[in-house]
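Got the structure open in your viewer? Keep the selection box handy and follow along, one stop at a time.

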Amino acid sequence: MSIIIDNVSKQFGGFQAVDRVNLEVQFGSLVALLGPSGSGKSTLLRLIAGLEMPDEGKILLTGEDATHQRVQDRGIGFVFQHYALFKHLTVRQNIAFGLEIRKAAQTKVKNRVEELLDLVQLRGLGDRYPSQLSGGQRQRVALARALAVEPKVLLLDEPFGALDAKVRKDLRAWLRRLHDEVHVTTVFVTHDQEEAMEVADEIVVMNKGRVEQVGTPKEVYDHPATAFVMSFIGPVNVLPSSSRLFQGNGIESVHPEVFLRPHDVLVQTQPNGSTAPARVSRLLHLGWEVQAELTLDDGQVVNAHLTREKFDELQLEPQQRVYVKPKEAKSFPIYYSI
C-alpha cells in the first residue's frame, strides 16, 4: 500500500502540530519520520492511522481517500513504544488477539501464530506471559501481533525508545531483516538519527510541524537541504564565516555561519600556509575513533574526529600545538536552532 499525505495540517489548541505536510510513501518501503520532540512526527503517524483527524488536507491509501475512514477499515497495524500487550494473556494469545476479534477460523489462527513466532524468533516462548519476557522480546511480540492480521501498512511509534542501547541496536538490525522478508509498507517514528540511518530506506526529517527534507540516509547526511537538517543529523561544528579556519583555503560564504562535520576537519602537526593554528584542549578515546577538541587562537572550539590510525600517526597530546583546515564545509541562508 502506498501512502500520500496531501497538504495535511493538524492543530491542538494554539499549537500547530502538523503544518501543510506533503509526503508520499512508496509501496513496500521502510520510511523513518525523524525529528526532535514536538516536531510533529508522532502526530503525523496518528493521522495516517486514523487515530487523529486532520484539520485540512487529505490522506490517500493506495490512491483512495482515507481521510475520514475508520481506523479498523484502513488495514493498518500500529505498534506503540510501550508494547501495550495484554498482561493476562500469553504470548500466543496476544498474537492471536486481532485474528480472534475478526472471528478467523481456529486452524488459521493457530497456523498464523506459529508462523509469526518463528518470524520474530520467539519459538518456544508462546506459553509465557509478558512479565516473563525481556523488553526486546515484548516488543517483538507487539510487532507479531500487529503483523498477525496481515496489515497493508505497519506504523511504529518509537518502537525501541524504552529499551537499552544494546537491545535497541540488535532490534534495529532485526527489524530491517524482518521488513525485507515481509515487505509491508512501514513507517516508523524516531528521534534517534543513528536508528533512522541504519534502518530506513528513506528518511523524512521534520521540524516544527513541517518536512525539512526527504531522502535516503546518504542524501540527507551528505547533501542536507537546510541548516536544521545538517545540525540534527550527525555531529557538526557551527562557526562564524569570518573564522580564521576558512581563510585561504577556498571556502567562502556570504552567510554568517558555516557548518563543518568533525570528520571533515583535517589536523596536522606542521603549518602549510592554508591551516589555522590551534591547541588540543581535550582528547576523547571512543574506541573506534578519537575525538579531539581543538581551541583556535581566537577562542573558538572545533571538534575533530580522527581514525585510530590517524591519531597514532599524529601522536597528539593535550595542550599540543596543531594546525587545522576544513576539508569540506557548508553554509545555508537561515539557521534554525534545535
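## Stop one: a helix and its cover

Among what covers the buried residues of H2 are H3 and helix H4 (135-148). Bear in mind as you look around that this is a predicted model. Select helix H2 (residues 91-101) and colour its buried residues: Val91, Asn94, Ile95, Ala96, Gly98 and Leu99. Then step on to Lys103, which follows H2 and has a positive phi, near 60°.

## Stop two: along H3

Next, pick helix H3 (residues 106-119) and show the side chain of Asp118, which lies in this helix. Asp118 is partly exposed, because its relative accessible area is 42%. Draw a distance from its C-alpha to that of Ala144: you should get 9.9 Å, although 26 residues separate the two along the chain.

Staying in H3, show Glu115 and Arg112, which form a salt bridge whose closest N and O atoms are 3.0 Å apart. The two sit 3 residues apart in the helix, about one turn. Residues three or four places apart in an α-helix point the same way, because a turn takes 3.6 residues. Which of these partners is buried? Arg112 is, at a relative accessible area of 14%, whereas Glu115 is partly exposed at 44%.

## Stop three: H5 and more charge pairs

Helix H5 (residues 165-182) has a pair with a spacing of 4 residues, Asp180 and Arg176, again about one turn of the helix. Their salt bridge has its closest N and O atoms 2.7 Å apart. Arg176 counts as buried at 18% relative accessibility, and Asp180 as partly exposed at 40%.

For a bigger group, select Arg168, Lys169, Arg172, Asp192, Glu194, Glu195 and Glu198, which are linked in a network of salt bridges. How many salt bridges turn up in a search of the whole structure? The search finds 24.

## Stop four: around Lys10

Now go to strand E1 (residues 3-12) and find Lys10. Is Lys10 buried or exposed? Lys10 is buried, because its relative accessible area is 11% and buried means under 20%. Beyond its neighbours within four places in sequence, Lys10 is in contact with residues including Phe15, Val18, Leu47, Glu52 and Asp55.

From there, hop to Glu52, whose side chain meets that of Arg46 in a salt bridge (3.6 Å, N to O). Glu52 counts as buried at 19% relative accessibility, and Arg46 as partly exposed at 29%.

Leu51 is in the loop between helix H1 (41-49) and strand E4 (56-61). This leucine counts as partly exposed at 34% relative accessibility. Add Val71 and Phe80 to the selection, and you have a nonpolar surface patch of about 220 Å² made by these residues with Leu51.

## Stop five: a covered strand

Select strand E7 (residues 153-157): 5 of its 5 residues are buried. Val153, Leu155 and Asp157 point one way from the strand, and Leu154 and Leu156 the other. Strand E6 (residues 76-79) runs parallel to E7, joined by 4 bridges, and Phe78 has Leu155 as its bridge partner. E7 is also joined to strand E8 (residues 185-190) by 5 bridges, again parallel; here Asp157 stands opposite Val189.

## Last stop: the open sheet

Finish with an open sheet of 5 strands in the order E13-E17-E14-E15-E16, paired antiparallel. Strand E13 (265-268) and strand E16 (301-307) are the edges, each pairing on one side only. Neighbouring strands here are turned by 45° against each other on average, direction ignored. Zoom in on strands E14 (residues 276-285) and E15 (residues 289-296), joined by 7 bridges, and find Val280 opposite Leu294.

Key:
Residues are numbered from 1 along each chain as its sequence is written. This is a predicted model: local features need pLDDT of at least 70, side-chain atom pairs count only at pLDDT 80 or more; totals for chains, interfaces and linings use all residues. Side-chain values use heavy atoms; hydrogens and water are left out. Patches are made of residues with over 30% relative accessible area and no salt bridge: like charges are joined within 9 Å, nonpolar side chains (Val, Leu, Ile, Met, Phe, Trp, Tyr) within 5 Å. Accessible areas come from the Shrake-Rupley method with a 1.4 Å probe; for residues, only the protein chains shown count as cover. A salt bridge is a side-chain nitrogen of Lys or Arg within 4 Å of a carboxyl oxygen of Asp or Glu. Buried means under 20% relative accessible area, exposed over 50%, partly exposed in between (1.4 Å probe, protein chains only). Two strands pair if DSSP finds at least two bridges between them. Axes are lines fitted to C-alpha atoms, for helices over the stretch in contact, and angles run from 0 to 180 degrees between N-to-C directions. Contact means heavy atoms within 4.5 Å.
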